[in-house]
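Welcome, and take a moment to look over the sequence and the model before reading on. This report walks through a few places worth finding on screen.

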Amino acid sequence: MVVDMLVALLLIVSFLFLGHWYRNRNSTVRNWPVVGMLPALASNADRTLDFFTDMLKSTGGTFKIIGPWFASSDFVLTANPMNINHVFCKNHVNYEKGPELRQILETYEGIITSDSDVWKRQKKALLSFFKYNKKSAAYMDRILLQVLEGSLVPVLEHFQRLGTEVDLEDVLGRFNYDYMCLLGFGVNPKTLSAELPVVEITEALGHIDDALVHRRVVPLMIWKLQKWLQVGTEKKLRRGLEILDDFAYTHISSRRDEMRRSNAMADDRFDALTAFMVEEEGSDMSEMGKSDKFLRDLVYDFLTVGKDSTTTGLACFLWLISTHPWVETKILEEIKANCPECNDGKMVYFTPEELNKFVYLRAAFCETLRLYPPVPVDFRSSIGPDVLPSGDRIGPNTRILISLYSMGRSEDIWGEDCMEFRPERWISEVGEFMHKPASLYLPFGVGQRACLGKELSLKVMNTVAINVLRHYEVKVVEDQKVAMTNKVLALTTQHGLRVRLNKRLQS
Ligand code: HEM
């Protein structure tokens, strides 16, 4: 009797298994019973972005990833321009960041993860700062020159004189951090100095990032258990958040004190925190908008949102230029043509209009961000059911991953040479810059949730690039193989960008 039951059970299991195999026999990625596509995802964990790109290539641009049944982690992956336009623009009301992302960040409600009213309030506050008026534009320019002349140049000079190698990504990260602190709270923490000191707050931000990536990839119950036990990345996260809170609240209260004392915003003071506090006064912001927690979340945005993206953009640009000498030659010619008087060794600075004259430089940056978008994958979650232009059906509460990385490497969009770094693809026969439609090229996102710091970061990246390239030849050290992390949240190099700097002879 028992044997009969076992045989029957075996037959049923075999039948189900064969049925499952038959249904999935043509699938690009094997979908196993119980564990779904987890084995394929796990075996490609060190090349997730490239794995996504390969899959999307062989499936026409949209693909459903099935996670283990116990983890409810299925998602739709797409790099189809029409789907992206649909999700970001046409039917954006049906797609939000979703509760899952917020659960990962817990008490922090930064603009990147917020939705509905919280997002509206944060966007209003940030726009009040980013909408350029003369005062804010002058402040942004002044602090950019301050960090460039006061920190970046002396540090690069130091390493050039010593002739030793330096991790340029680390240097650029510190540069951007100091700049963002000045922009965000009017304080220069001077993390960029020749000693490259260990800085508690940036270390804490690193630990927070690691833990958030961990929470994103492991099932919810695993990280909740680790949190409860206070082990691994969860332990570091807790400490990191304490340091961050301390940092943010100290700045908020000292700024409130300053404002109470002076009762006005000094003309030379146009950091975001001060701007938000001024905006608070008598504004229609709710009590929540006026709270210290709201300001803390905005401080967190400033410390995280743009700093790493700008660093990655610049580091990848300088790496690609150093490995494509013919591109470097053209950029140097363009710099010389546009500022013939720039031979005195001083920093040069350009307005956005003047930067438009640097057609080849602009093309080289577009090409860099095409191949290495600092935000490689964007997330959305559906509210109700929908049908994508590709014909794929979307259920309610479905996670959608939009691979900007795969889009930038799509043969259908960029042609057979899509993997080549070729700035010329952005320049017309008459030498003019050729724009690409926002539905095909969107390293800064598109639609309602597009990047608010795009203009600012382009200005910073172009200004730094021009000044570094004018003064130094950047040589990647021979034994370093530069590779990207392939993580979906943010692109960075795996082992930094170790370079030597040779002084350029001014001609
Ligand atoms: C190379 C540099 C940068 C890149 C590639 C980049 C890219 C992006 C992308 C793709 C998004 C859209 C995210 C989404 O749709 O979910 C975004 C959003 C955002 N970015 Fe950037 N960013 C950069 C620099 C900056 C800087 C320097 C700042 C601020 C100083 C900034 C502020 C923001 C903000 C506030 C949002 C949120 C907009 C919203 O959700 O309404 N970004 N960025």
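In which helix does Leu229 lie? Leu229 belongs to helix 10, which covers residues 220–229. Helices here are DSSP runs of H or I with at least four residues, strands are runs of E with at least two, and both are numbered from the N terminus.

Before going further, please keep in mind that this is a predicted model, in which local features need pLDDT of at least 70, side-chain atom pairs count only at pLDDT 80 or more, and totals for chains, interfaces and linings use all residues. Residues are numbered from 1 along each chain as its sequence is written, and side-chain values use heavy atoms, with hydrogens and water left out.

**A nonpolar patch**

Leu229 is partly exposed, with a relative accessible area of 48%. In this report, buried means under 20% relative accessible area, exposed means over 50%, and partly exposed is in between, using a 1.4 Å probe and protein chains only. Together with Leu225, Trp228 and Val231, Leu229 makes a nonpolar surface patch of about 460 Å². Such patches are made of residues with over 30% relative accessible area and no salt bridge, where nonpolar side chains (Val, Leu, Ile, Met, Phe, Trp, Tyr) are joined within 5 Å and like charges within 9 Å. The areas come from the Shrake-Rupley method with a 1.4 Å probe, and for residues only the protein chains shown count as cover.

**Around the ligand**

Which protein atom is the donor to the iron atom of the ligand? The only one is the SG atom of Cys451, at 2.3 Å. Donors are N, O and S atoms within 2.8 Å of the metal (3.2 Å for Na, K and Ca), and water is not among the atoms, so sites may look incomplete. You can find Cys451 in the loop between helix 20 (411–414) and helix 21 (454–471).

The ligand is surrounded by 26 residues, and the closest are Lys97, Trp119, Asp378, Arg449 and Cys451. A residue counts as near a molecule or strand if one of its heavy atoms lies within 4 Å of it. Several side chains place polar atoms by oxygen atoms of the ligand. For Lys97, a side-chain N or O atom is 2.3 Å from a ligand oxygen. A polar side-chain atom of Arg449 lies 2.8 Å from an oxygen atom of the ligand, and for Arg380 the value is 3.1 Å. The elements that give two or more residues to the shell around the ligand are helix 6 (116–130), helix 15 (307–323), strand 5 (377–382) and helix 21.

**Salt bridges**

Side chains of opposite charge can pair when their charged atoms come close. A salt bridge is counted when a side-chain nitrogen of Lys or Arg is within 4 Å of a carboxyl oxygen of Asp or Glu. By this rule the count comes to 25 salt bridges. Here are some of them:

| Pair | N to O distance |
|---|---|
| Lys57 and Glu411 | 3.5 Å |
| Lys330 and Glu424 | 2.9 Å |
| Arg422 and Asp417 | 2.8 Å |

Why does the salt bridge of Lys57 and Glu411 tie together parts that are 354 residues apart in sequence? Lys57 lies in helix 3 (residues 48–58) and Glu411 in helix 20, so the pair spans that separation. Lys57 is exposed, at 61% relative accessible area, while Glu411 is partly exposed, at 38%.

Glu424 and Lys330 also link distant parts of the chain, 94 residues apart: Glu424 is in the loop between helix 20 and helix 21, and Lys330 is in helix 16 (residues 325–338). Glu424 is partly exposed at 25%, and Lys330 is partly exposed at 36%.

Arg422 and Asp417 are both partly exposed, with relative accessibilities of 29% and 21%. Salt bridges that share partners join these two with Glu367, Arg370 and Arg425 into one network.

**A buried aspartate**

Is Asp297 buried or exposed? Asp297 is buried, with a relative accessible area of 3%. This residue is found in helix 14 (residues 292–304). The Asp297 side chain makes a polar contact with the side chain of Arg296, at 3.1 Å. A polar contact is a pair of N or O atoms within 3.5 Å; within protein, one must be able to donate a hydrogen and the other to accept it, and residues adjacent in sequence count only if both atoms are side-chain atoms.
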